[in-house]
Amino acid sequence: MEKSLSQTWDLDVFFPGGSRSPEFARFLEALEAEIGSFEERLGAAGQAGAGGVPPLKDLVGTLQDLQNRMSEAGAFVSCLTAQDVKDEQAKLLEGRVRQLSSRLQAALTRFEALLRQVPEETWHQVVADPALAPVAFALNEMRQRAAEKLPPEQEALATALAVDGYHAWSQLYHTVVGRITIPFETDGKTVQLSVGQAFNRMMEDPDRSVRQTLFARWEEAWAREAELCAAALNHLAGFRLALYRSRGWDSVLKEPLDRNRMSQATLEAMWDVVNRNKDHLVAYLQRKARILGVERLAWYDLSAPIGKLTRRIPYDEAAEFIVENFRRFSPDMADFAARAFRERWIEAEDRPGKRPGGFCTSFRVSRQSRIFMTYSGTPGGVSTLAHELGHAYHQHVMNDLPPLVQNYAMNVAETASTFAEMVVVDAAIQAAASPEERLALLEDKIQRSVAFFMDIHARFLFETRFYEARKKGLLTVADLNGLMLEAQKEAFRDALGEYHPHFWASKLHFYITYWPFYNFPYTFGYLFSYGVYAQARAEGPSFADRYVALLRDTGRMTVEDLARKHLGVDLTQPDFWQSAADLVVEDIREFLRLTE
Ligand SMILES: [Zn+2]
């Protein structure tokens with residue numbers, strides 16, 4: 001890469017003209033019309049009645065085409081709204097796309113009901129048809145899920161009631177969060193920080209007294225709103241439990257496990273190994289406490305930096321470093337990343353008016369991805385770039401598969417991204433310019449392990465216990481604080497001096513109605529990726545082809561089958577998980593050695 005890389009992305013290649021693109025307007029019109037005719041065909045197929053086999057081949061073809069186009073439209077508007085938060089036209093388009101997407105979602109529910117109509121005896125023949133066999137996994141899964149639910153009319157009623165009786169609690173929670181401000185004195189005057197601003201400052205400010213003050217205000221702020229948050233949490237959980245009860249599901253883990261295509265045995269094996277390795281993490285926390293000059297770390301010390309990273313890495317240098325290190329594992333992944341940089345797939349410019357954060361989104365019709373972030377030259381920026389390129393590569397290797405088997409679950413969604421990030425972070429640690437830089441990079445990496453082994457574990461313990469208790473009745477704010485504190489102490493092995501009892505109120509993940517248990521898939525994804533990385537390191541470049549084969553199967557297998565087929569391991573047993581934990585332990589040993 002000789003000449004300087006562009007740091008803005010190219011969206012015109014999809015639809016020229018941004019949010020005023022006439023091509024995109026026409027694209028949406030055509031999509032809307034075809035969703036309408038798909039609905040009609042579904043209606044007709046439903047009327048044909050029981051006994052008859054619906055024209056599945058036709059419907060499946062159209063459904064996949066519509067899903068692809070919907071993803072293209074969704075990707076385009078999310079790029080538009082992210083690159084300029086003041087683009088009002090883009091917001092209108094986003095609303096329109098969301099509406100179309102929920103119409104397609106409703107059609108999908110009707111399609112699932114059709115699958116359920118097919119008699120058991122003929123089902124096997126139907127999915128063995130060469131036209132349907134490549135998507136048999138997805139069709140079986142949809143049919144199975146439909147069968148485990150209430151009859152379609154009752155599910156339709158529950159979905160309608162959920163708008164105001166379930167999802168509304170989540171929206172109410174967001175309203176509460178939106179009005180919270182946290183006062184903070186800086187340069188002699190008091191400013192009101194939003195929840196997000198206060199959180200970042202509280203966790204990352206190098207000055208402990210700043211973190212401490214903000215944490216006290218943070219707890220106070222959530223205590224003030226705790227009653228409303230408790231009501232939201234109690235009622236959305238009550239709705240969920242009532243629906244599960246009428247479907248005859250007794251475990252609250254059934255839905256999240258099914259949706260992550262994993263078994264209870266796998267979940268237990270994973271947490272067991274996490275527990276068995278906690279002594280190492282406790283040793284790290286104790287050492288960090290000593291470095292910070294405190295007896296025991298507090299909650300607000302967990303992400304505190306221990307060193308200073310002052311070196312700025314120019315964008316071109318970051319690109320080169322990423323491509324070069326990808327190449328050590330996979331030439332294909334390296335060439336892919338080089339193409340993404342060269343063909344302007346990445347929006348990285350540091351300018352005002354952009355949304356914070358980063359993401360990767362895929363244009364499935366065009367078979368390209370786009371990465372959004374703000375690159376400011378920090379090592380964190382380099383690893384974010386690598387992370388998002390990992391997501392893009394995952395999509396890239398799946399591009400030629402039928403859309404219905406491209407949908408991977410949350411727990412494997414971070415496999416390729418964490419893998420890519422790890423390759424680059426480890427290389428950066430190796431290439432560190434000074435011992436201080438090396439230590440700071442390593443510590444940053446271990447912080448993430450602490451989050452997955454301890455913080456996420458606390459969330460899981462809390463949520464499991466909360467739902468059990470909620471079966472018997474409502475919980476008070478004091479009950480919730482008590483459960484949270486107990487879960488944190490257990491998950492952190494009593495290693496902290498101060499905990500965060502109102503965490504259940506401050507963490508929006510507990511209030512996501514579309515995804516129950518928004519916690520354990522994170523730890524799964526992290527460790528799964530580490531396990532894959534351990535095999536890649538042991539095997540060298542010959543692993544690259546197996547890696548691609550694994551990624552391609554993430555949307556059409558249970559995780560147990562995926563791991564058995566491509567890694568030769570049994571996820572319900574501890575060995576694989578331990579091989580992943582070994583890498584975490586290796587980092588901690590190195591950290592302890594460097595800080596002796
Ligand atoms: Zn990610």
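Trainee: Which element gives the largest share of the lining of the second largest pocket?
Mentor: In this predicted model, helix H17 contributes the largest share of that lining, with 5 residues.

Trainee: And which other elements give two or more residues to that lining?
Mentor: Besides H17 (415–430), the elements that supply two or more residues are helix H13 (315–329), helix H18 (435–470), helix H21 (520–539) and helix H24 (574–594).

Trainee: How many residues line the pocket, and which lie nearest its centre?
Mentor: The second largest pocket is lined by 17 residues, and those nearest its centre are Asp426, Gln430, Arg537, Glu586 and Asp587; by type, the lining divides into 8 nonpolar, 1 polar and 8 charged residues.

Trainee: What's its volume?
Mentor: The volume of the second largest pocket is about 260 Å³, and its lining takes at least three residues from each of domain 1 (1–147 + 312–432) and domain 2 (169–306 + 437–520).

Trainee: Switching to the metal, what coordinates the zinc ion?
Mentor: The zinc ion is held by NE2 of His387, NE2 of His391 and two OE atoms of Glu414, at 2.1 to 2.6 Å. The donor residues follow the spacing H-x3-H-x22-E in sequence, and His387 in helix H15 (residues 379–398) is 27 residues apart from Glu414, which sits in the loop between helix H16 (410–413) and H17.

Trainee: Why is the arrangement called irregular?
Mentor: Because the angles subtended by the 4 donor atoms around the zinc ion run from 52 to 138°, whereas a tetrahedral site would need all angles between 85 and 135 degrees.

Trainee: Is His387 buried or exposed?
Mentor: His387 counts as buried because its relative accessibility is 15%, under the 20% cut-off, while Glu414, at 27%, counts as partly exposed.

Conventions. Residues are numbered from 1 along each chain as its sequence is written. This is a predicted model: local features need pLDDT of at least 70, side-chain atom pairs count only at pLDDT 80 or more; totals for chains, interfaces and linings use all residues. Side-chain values use heavy atoms; hydrogens and water are left out. On a 1 Å grid over the protein atoms alone, a cavity is a set of points where a 1.4 Å probe fits but cannot get out, and a pocket is an open set with protein on both sides within 12 Å along at least five of seven lines; lining residues have an atom within 4 Å of a point. Grid points are joined across faces, edges and corners, and a volume is the space filled by probe spheres set on the points. Helices (H or I, at least four residues) and strands (E, at least two) are DSSP runs, numbered from the N terminus. Ala, Val, Leu, Ile, Met, Phe, Trp, Tyr, Cys and Pro count as nonpolar, Asp, Glu, Lys and Arg as charged, and the others, Gly among them, as polar. Domain bounds come from an automatic or database domain assignment. Donors are N, O and S atoms within 2.8 Å of the metal (3.2 Å for Na, K and Ca); water is not among the atoms, so sites may look incomplete. Four donors count as tetrahedral if all angles lie between 85 and 135 degrees; four count as square planar and six as octahedral if opposite donors are over 155 degrees apart and all others between 65 and 115; anything else is irregular. Buried means under 20% relative accessible area, exposed over 50%, partly exposed in between (1.4 Å probe, protein chains only).
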